[in-house]
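These are my notebook entries on one protein chain. I began with the whole chain and then turned to single residues.

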Amino acid sequence: MSCLSFYIVDVFAETKYAGNQLAVFTGAEALSAVEMQQVAKEMNYSETTFILSSELRSNGYDVRIFTPNQELPFAGHPTLGTAFILQQEIVQKPVETIALNLKVGQIPVSILYKNGLADVLWMEQRSSVFADMFAAETIAPILNLALTDIDTRFPIQAVSTGVPFIIVPLKTHQALKQARVNKDRYFAFIEHTQAKEILVFCPETYSPDNHLSVRVFADSLGIPEDPATGSANGCLAGYLVQHSYLGQPSIDLRVEQGYEIGRPSLLLLKATKTAAQIQVSVGGRVILVARGKFV
């Protein structure tokens, strides 16, 4: 394996060392899938991305995403973080849109600039797909919560915009802070579900500037809790408009995540429901933390 350039970025971060950290490798076309998996395991971030070439293919850049344990077809913060590095290090000029060719398909990322520098990046996710609903009596024990902690006015449902998540509405911030995964119950449960990861949310927040507070548990991926999850929050955005959680067919929200594990993150969500589909966009800021060589 030759010497590779890589970058460390904080995604969905308002300040350095907040948000969700990501390693992005460039010029990785010569690496095999086994080698990419090995590198991702050694880097040990929740995800590591590999830009295969600086050349466009079908007007996008070929990118692969790996956790320490497996390859993913799509993930939110790797998509935004990789688009940021593509703009900064490969394109090296302001462009309105950069598209990533991922396993799930091509995902466009639009970039807004401030003083000539990339400010907020937005990814347009696939239309929301709604799947199984689950009883509160089933989910509450998995999260070590009481049945009364779950807001049963709305369903517990699996939703996907590329990767499925189970969305669980909670009544209070206290319930959200108390949630923790009972691993025995969790792993027994996901043996029978397509969606493995769980997002819990509530309308109370740490910051008065934000609209919802979220936690994401991804034990099946070896991530007990994720500090900022663009794919999961895209699923949440679709869920909110599908079930009229805020009483309207469109949303434009600030969502906080990661406070409980000391990585406060800010995700921006937009979604609109039409007769044909639910269009979802997830946005946030990306900060370059470091660059280096991997030998």
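Entry 1, the fold. I took helices as DSSP runs of H or I with at least four residues, and strands as runs of E with at least two, numbered from the N terminus. On that basis I found six helices and 18 strands in the protein chain. The radius of gyration is 18 Å, close to the 19 Å that the globule rule gives for 295 residues, so I recorded the chain as being as compact as a globular protein of that length. I note here that I was working with a predicted model.

Entry 2, extent and packing. I looked up the box that the C-alpha atoms fill along the principal axes, and it is roughly 55 × 40 × 35 Å. Of the 295 residues in the chain, 57% are buried. I then considered the contacts with a separation of 6 or more, and found that residues 24 or more positions apart account for 63% of them.

Entry 3, surface and charge. The accessible surface of the protein chain comes to about 12,400 Å², and carbon and sulfur atoms hold 48% of that surface. I counted 23 positive and 28 negative charges, and the mean positions of these two sets are 2 Å apart.

Entry 4, N210. I located N210 in the loop between β12 (197-202) and β13 (212-218). Is N210 buried or exposed? I recorded N210 as buried because its relative accessible area is 9%, and the cut-off for buried is under 20%. Leaving out residues up to four places away in sequence, I listed the residues that N210 touches as T205, R254, E256, Y259 and L266. With R254, one of these, the side chain of N210 makes a polar contact of 3.2 Å.

Entry 5, D62. I found D62 in strand β4. Which residue's side chain does D62 join in a polar contact of 3.0 Å? The partner is N101, again side chain to side chain. N101 also appears among the residues that D62 touches, with residues up to four places away in sequence not counted. The others in that list are F50, I51, L52, S53 and R57.

Entry 6, positive phi values. I looked for phi at Y17 and S58. Y17 is a residue other than glycine, yet its phi is positive, near 70 degrees. Y17 belongs to the loop between β1 (4-11) and β2 (20-25). S58, also a residue other than glycine, has a positive phi near 55 degrees. I placed S58 in the loop between β3 (48-51) and β4 (61-66). I recorded S58 as exposed because its relative accessible area is 55%, and exposed requires over 50%.

Entry 7, P94 and G116. P94 is in the loop between α2 (76-91) and β6 (97-102), and G116 is in the loop between β7 (105-114) and β8 (117-125). I noted P94 as exposed, with a relative accessible area of 56%. G116 also counts as exposed, at 52% relative accessibility. Which residues does P94 touch, not counting those up to four places away in sequence? I found Q87, Y113 and G116.

Entry 8, two separations. P94 and I111 are 17 residues apart along the chain, and I recorded 8.4 Å between their C-alpha atoms. G116 and Y17 are 99 residues apart along the chain, with 23 Å between their C-alpha atoms.

Definitions and conventions
Residues are numbered from 1 along each chain as its sequence is written. This is a predicted model: local features need pLDDT of at least 70, side-chain atom pairs count only at pLDDT 80 or more; totals for chains, interfaces and linings use all residues. Side-chain values use heavy atoms; hydrogens and water are left out. Buried means under 20% relative accessible area, exposed over 50%, partly exposed in between (1.4 Å probe, protein chains only). A polar contact is a pair of N or O atoms within 3.5 Å; within protein, one must be able to donate a hydrogen and the other to accept it, and residues adjacent in sequence count only if both atoms are side-chain atoms. Contact means heavy atoms within 4.5 Å. The radius of gyration is taken over C-alpha atoms; the globule rule is 2.2 Å times the number of residues to the power 0.38. Accessible areas come from the Shrake-Rupley method with a 1.4 Å probe; for residues, only the protein chains shown count as cover. Lys and Arg count as positive and Asp and Glu as negative; His and the chain ends are not counted. The place of a charge is taken as NZ of Lys, CZ of Arg, CG of Asp or CD of Glu.
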